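Q: Please take a close look at one part of this structure, the packing around a single helix, and describe it in one connected account.

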Amino acid sequence: MNWLIGIIGVLFIATGLWDVFETIVLPRRVTRRVRLTRLFYRGDLEAMVDDRPHDRKKNKRREVFLSIYGPLSLLALLVVWAFTVVFGFAMVHWAIGSRIGAIGTRSGFFTDLYYSGTTFFTLGLGDIAPLSRMARGVTVLEASVGFGLLALVIGYLPVLYQAFSRREVNISMLDARAGTPPTASELLRRHQEAQSMASLDQWLRDWEMWAADLMESHLSYPVLCFFRSQHDNQSWLAALSTVLDVCSLVMVGVDGLSKWQAQLTFKMARHALVDIAQVFNTSPLQHDRERLTEVDLTNLRAYLSAQGVQLSSEAADAQTLQDFRALYEPYTQVLSRYLMMPLPGWMPKAKASDNWQTSAWEVSARTHDRAFQKCMLKERPVHKPAAVVTLRKDD
């Protein structure tokens, strides 16, 4: 019986350490379904948070919980790793006969568990000491494992938050370009209004790099997917969905824009989206086409045409756009449901204000916007040129 308990303890130790290696050290996506981390994150957020409409106070509490869920789950995962290894070493000590000396207490499994915990965290209290050579060897091994695991965690957190910061920079910049929440139509409208449609090629190139960095970092550290943006109406999933929407419109045809860079950005963004969905084993949903119906597409064309943006309107363009959407919308929708991150629409919301326009100290975002527009459109004073002094030849 003792040897069976010892084998189970070794399996506990190996499972915890291997999961730490795959999550922190291994720089690639792990396809194996049975993992400690995957079991930890198997619970759906919908089961933890009621997604039904509530009043403003309940919605605020829900958003607060969702905002802390990512960092809190990371700390909880570290506790799970530590407890798995500590429990495994306690079983090993018990299997070899609890060869430890306890001052004022009787030896038993709980004493072994306490001793394993103090050894793992290198406390060195001295109230319990190993008595046999085998117990001393297990103690040294556990102390080494605990020291190494803590060192890995200390190095893990800065890398994690650096990747999070890189992700959020472009999302924050998207606010002024595509509105809040971001939409493809608003992005095209604002660039057309500023007569800056030519810069969209560089913008798509920058987001191709962002999507590549997103895929690399979020496959290596999947917990980043749960980390939410600074504002409730922003998320990495909404930004990625908007980029794919813009690429789809450009690939169908927008006057004055090249399709080549849009194709490259679309491929990279979809690659990131599909691989991240596989990390959580979330199968794509059936494409219901409800995010952009035929009536919505007609309204989208009319809206952009009124702003001077001409979409291609050939007979097969609607079906082509539908085919492009079917490549990514089933994945964005399932991740939106799993992570509880709402997706933006194709058209901007009525009376929506950008995040830069809002503040706790300002009465109205519209008032701020009108003041900004008035300042930008105000005629600048015309400075008369200085008098020109001409010198005569005899001066």
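A: A crossing is called left-handed when the near helix is turned anticlockwise from the far one by less than a right angle, and right-handed when that turn is clockwise. The model under discussion is predicted. The part chosen here is helix α9, with the helices that pack against it.

In that sense, α8 passes α9 in a left-handed crossing. The axes of α8 (residues 200-220) and α9 (residues 236-253) come within 11 Å and cross at roughly 135°, which makes α8 oblique to α9. On the α8 side the contact is formed by W203, L204, W207, W210 and L214, and on the α9 side by W236, A239, L240, V243, V246 and C247. Sorted by class, the residues of this contact comprise eleven nonpolar, no polar and no charged. As general background, an α-helix has 3.6 residues a turn, so residues three or four places apart point the same way.

Helix α7 (residues 184-193) also packs on α9, at an angle of about 65° and with the two axes 8 Å apart. The angle makes α7 roughly perpendicular to α9. A184, L187 and L188 of α7 make this contact with T242, D245, V246 and L249 of α9. Its residues divide into five nonpolar, one polar and one charged. V246 of α9 thus appears both in the contact with α8 and in the contact with α7.

The third partner is α12. Its axis lies 10 Å from that of α9, and the two helices pack at an angle of about 175°; angles over 145 degrees count as roughly antiparallel, and α9 and α12 are therefore roughly antiparallel to each other. From α9, the residues W236, L237, S241, L244, D245, S248, L249, M251 and V252 meet D317, T320, L321, F324, Y328, T332, L335, S336 and L339 of α12. By class, this contact holds eleven nonpolar, five polar and two charged residues. D245 and L249 of α9, listed in the contact with α7, are listed in the contact with α12 as well, and W236 of α9 is in the contacts with both α8 and α12.

The partner α12 itself merits a description. This helix (residues 317-339) has 23 residues and reaches 32 Å from its first C-alpha to its last, close to the 33 Å expected at 1.5 Å a residue. A kink of about 40° lies at A326, shortly before the proline P330. Just after α12, M340 takes a positive phi of about 55°.

Definitions and conventions: Residues are numbered from 1 along each chain as its sequence is written. This is a predicted model: local features need pLDDT of at least 70, side-chain atom pairs count only at pLDDT 80 or more; totals for chains, interfaces and linings use all residues. Side-chain values use heavy atoms; hydrogens and water are left out. Helices (H or I, at least four residues) and strands (E, at least two) are DSSP runs, numbered from the N terminus. The expected span of a helix is 1.5 Å times one less than its number of residues. The bend at a residue is the angle between axes fitted to the seven residues ending there and the seven starting there. Axes are lines fitted to C-alpha atoms, for helices over the stretch in contact, and angles run from 0 to 180 degrees between N-to-C directions. Angles under 35 degrees count as roughly parallel, over 145 as roughly antiparallel, 65 to 115 as roughly perpendicular and the rest as oblique. Contact means heavy atoms within 4.5 Å. Ala, Val, Leu, Ile, Met, Phe, Trp, Tyr, Cys and Pro count as nonpolar, Asp, Glu, Lys and Arg as charged, and the others, Gly among them, as polar.
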